[in-house]
Amino acid sequence: TFKLLGILDVENIPCARDSVLYGSLGSVVAGLGHFLLTSRIRRSCDVGVGGFILVTLGCWFHCRYNYAKLRIQERMAREGIKNKILYESTHLDPQRKPANGNGGSGVTSSTENPATTH
């Protein structure tokens, strides 16, 4: 595995690889852009480091937010499928229609088709 600075396992942590790559690109763009505008080497390096930090953190938080949102959606879908399997064809199934829901009075409800009732 590739560890950045010996602590950040870039391959196994979600969003770490993209954040570091975008941060590196942001560093080069910010530092080079500042150097081309001002021709000050030391200040351009400082701007490059600042650009790296800002872009990396921005990408990290954006990616982790989307990752967490996706995990919540997956968990909700998984629970829905589990409940569907668990409650299917039981009296707790919300999609199951009652077999004799009108009490045998002969009056059709608004959801039944009168042409198909006997």
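The expected span of a helix is 1.5 Å times one less than its number of residues. Keep that rule at hand for this tour of a predicted model.

**Whole chain**

Start with everything shown and colour by secondary structure. The protein chain has two helices and two strands. Read from the N terminus, the order is β-β-α-α.

Now switch on a surface. The accessible surface of the protein chain is about 9,800 Å². Carbon and sulfur atoms own 62% of that area. Of the 118 residues, 13% count as buried.

A contact map is worth opening here. Take the contacts with a separation of 6 or more: 42% of them join residues 24 or more positions apart.

**Helix α2**

Select residues 41–87. This is helix α2, with 47 residues. How far apart are its end C-alpha atoms? Draw the distance: they are 68 Å apart. The expected span is 69 Å, because each residue counts for 1.5 Å under the opening rule, and the two values agree.

Next, pick out the buried positions of α2. Ser-44, Gly-48, Gly-51 and Thr-56 are buried. What do the buried residues of α2 pack against? Add residues 16–38 to the selection: the partner is α1. As background for reading this face, residues three or four places apart in an α-helix point the same way, because there are 3.6 residues a turn.

Move past the end of α2 to Ser-89. Ser-89 follows the helix and has a positive phi, near 60 degrees.

**Ser-19 in helix α1**

Go back to α1 and select Ser-19, which lies in this helix. Is Ser-19 buried or exposed? Its relative accessibility is 2%, so Ser-19 counts as buried, the cut-off being under 20%.

Show what surrounds Ser-19. Set aside its neighbours within four places in sequence. The contacts of Ser-19 are then Thr-56, Cys-59 and Trp-60. Thr-56 is also one of the buried residues of α2.

**The salt bridge**

Finish with the charged side chains. Side chains of opposite charge can pair when their charged atoms come close. The structure holds one salt bridge. Which residue pairs with Asp-18? Select Arg-17 as the partner; the closest N and O atoms are 3.7 Å apart.

Compare the cover on each side of the pair. Arg-17 counts as exposed because its relative accessibility is 53%, and the cut-off for exposed is over 50%. Asp-18 is at 38% relative accessibility, so Asp-18 counts as partly exposed.

Terms used
Residues are numbered from 1 along each chain as its sequence is written. This is a predicted model: local features need pLDDT of at least 70, side-chain atom pairs count only at pLDDT 80 or more; totals for chains, interfaces and linings use all residues. Side-chain values use heavy atoms; hydrogens and water are left out. Helices (H or I, at least four residues) and strands (E, at least two) are DSSP runs, numbered from the N terminus. Buried means under 20% relative accessible area, exposed over 50%, partly exposed in between (1.4 Å probe, protein chains only). Contact means heavy atoms within 4.5 Å. Accessible areas come from the Shrake-Rupley method with a 1.4 Å probe; for residues, only the protein chains shown count as cover. A salt bridge is a side-chain nitrogen of Lys or Arg within 4 Å of a carboxyl oxygen of Asp or Glu.
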